[in-house]
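Here are a few short exercises to work through with the model open beside you. Try each task before you read the solution.

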Amino acid sequence: MVKSMSIENTIIELKKLLGDRILDSKSIRKQYGQNETYYPESLPDAVAYPNDEKEVSEILSLCNRNFCPVVPWGTGTSLEGNSIPIAGGITLSFENMNSVVRINPDDMDIIVQPGITREEVNNALKDYGLFFPVDPGANASIGGMAATRASGTTAVRYGTMRENVMALRVVLADGRIIKTGSRAKKSAAGYDLTKLLIGSEGTLGVITEVTLKLQGIPEEISSAVCAFPNTSSAVQTITETIQSGIPIARSELMDTTSIEAVNQYSKLNLPLKEHLFFEFHGSKSSVKEQSELVQEISIANGGSDFKWSTAAEDRSKLWKARHDYYYAIKAKNPNHTFVVTDICVPISRLTEVIHQTSEEMRKEGMIPHVMGHVGDGNFHSGLMVKPGCKEDIDKAKQLTRKIVEKALASEGTCTGEHGVGIGKIEYMKEEHGEAVNLMSAIKNTFDPNGILNPGKVVQVN
């Protein structure tokens, strides 16, 4: 495909600005045109590697004048095609902007650049007795996590990125730099632009700095695992646990087929039943008490083989197996990829929706693989398809639509944590109604030339 004169001229001008930090070889472009799931490859015209906020501002100002699309890129772990440059243009890679700006231990916050990963943040915090709690599984970049409003396994206790980002620095489409929020614990000053930008997936501005709220490393951490005869007994256990005020840090459901895959991939020997994985944080006495109370609730709901441990090795092995779920399912289905779902519903509707999802998968000849952060009503079903197979993909998309429609009918959402990206944009009108037009107007206000990650989150009027 021949590049437009606008994009060609933009790349020429960016090379004057960045030198060898803008690359347009096909091998480099391919690295930034791929994704973790079934979406087809779509290459940027070039990849830019800014060193600082000033360069980001200059890049955006130039691209805006030339109507050249810009797509921010962190680590590329998103699952809904959020960072695929479907309109070409410039991918803005933040691998050179990956530093800690400042740690404020007395105030329990940290300021970081967008390219730093969550594991790098926590490594930097070890000597301070602090940690950043949001854990989406993948070692994602903080900028990407903020852009997609990520959450994950610890959201039931610590919340999502929405609750853990205090302030941002953002470059707008025309190159202007704004600061949103502050390091104060609360504010009633004006519109909350921080919350607006979190989850906007790079469609309203490009994040260049993030201030994160931190937590103290607990005195004691224990993990537990328990088998259940069915999904309803597992979900009832979580519901009663939360209603009892037990502050569980993690609560993850894995169905029987997922346990089978994880056993094989991670060399575990769990019974082939539905399972809940738990984690508890606190003092030694409180963690012991929490574990024992959850054990009682589990047994009362038909749970068995309840095992808990404070040993770091046991905990690490258990949660690594959980985080390797994606790879375990792929290993059982070689030459396949995922169409992922991440609906979220009120917990009272969770059992019903999981059962209906599993039944729909079986009707379509698919083996259900259900895993979820059941403490907050969010679950995933891994729909396996052959890459490039239209029949497989069409079937999976039709099934995804049924799953999403059930979630919306249950007063839930089409995406609990993966974001809208390409895959969920078709459901935005169904979920939000007239509010989608307001979102479109906000997009036009922030980005009148439509250069920021076009084709994501909302259709522009």
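**Exercise 1. Cysteines**

Find out whether C414 is buried or exposed, and what its disulfide status is.

*Solution.* Keep in mind that this is a predicted model. Step one: the relative accessible area of C414 is 1%. Buried means under 20%, so C414 counts as buried. Step two: look for a sulfur partner. The nearest cysteine sulfur belongs to C344 and lies 11 Å away. A disulfide needs the two sulfur atoms within 2.5 Å, and C414 is in no disulfide. Step three: check the whole structure, which holds zero disulfides. For another buried cysteine, turn to C226, which also has a relative accessible area of 1%.

**Exercise 2. A charged residue inside**

Locate R29, and work out which side chain of opposite charge is nearest to R29.

*Solution.* Start with the backbone: R29 sits in helix α2, residues 26-31. Next, take its surroundings: R29 is buried. The nearest side chain of opposite charge is D45, at 4.9 Å. A salt bridge requires a distance within 4 Å, and R29 has none. Finally, list the contacts, leaving aside neighbours within four places in sequence: R29 touches D24, L43, P44, D45, A46 and V47.

**Exercise 3. The four-stranded sheet**

Give the strand order of the open sheet of four strands, and say which strands stand at its edges.

*Solution.* First, the order is β1-β2-β4-β3, with mixed pairing. Second, β1 (22-23) and β3 (70-73) each have a single partner strand, so one side of each lacks a neighbour in the sheet. Third, zoom in on one pair: β2 (residues 46-48) runs parallel to β4 (residues 90-93) over three bridges. Within this pair, A48 is opposite L92 of β4. Last, add the helix: α3 packs on this sheet and touches β2, β3 and β4, its direction making about 170° with that of β4.

**Exercise 4. The five-stranded sheet**

Trace the order of the open sheet of five strands, then place helix α3 on it.

*Solution.* Begin with the order, β5-β6-β10-β8-β9, where the pairing is antiparallel. The edge strands are β5 (100-104) and β9 (177-181), each pairing on one side only. From one strand to the next, the twist averages 10°. Now pick a pair: β8 (residues 165-171) and β10 (residues 206-213) are antiparallel over six bridges, and V165 faces L212 in β10. To finish, helix α3 (residues 53-65) lies across β8, β9 and β10, at about 50° to β8.

Notes:
Residues numbered from 1 in each chain as written. Predicted model: local features only at pLDDT ≥ 70, side-chain atom pairs only at ≥ 80, totals over all residues. Heavy atoms only, no water. Helix = DSSP H or I, 4+ residues; strand = E, 2+ residues; numbered from the N terminus. Buried < 20%, exposed > 50% of the residue type's maximum accessible area, 1.4 Å probe, protein only. Lys, Arg positive; Asp, Glu negative; His and termini not counted. Contact = heavy atoms within 4.5 Å. Pairing = 2+ DSSP bridges. Axes fitted to C-alpha atoms, helices over the stretch in contact; angles between N-to-C directions.
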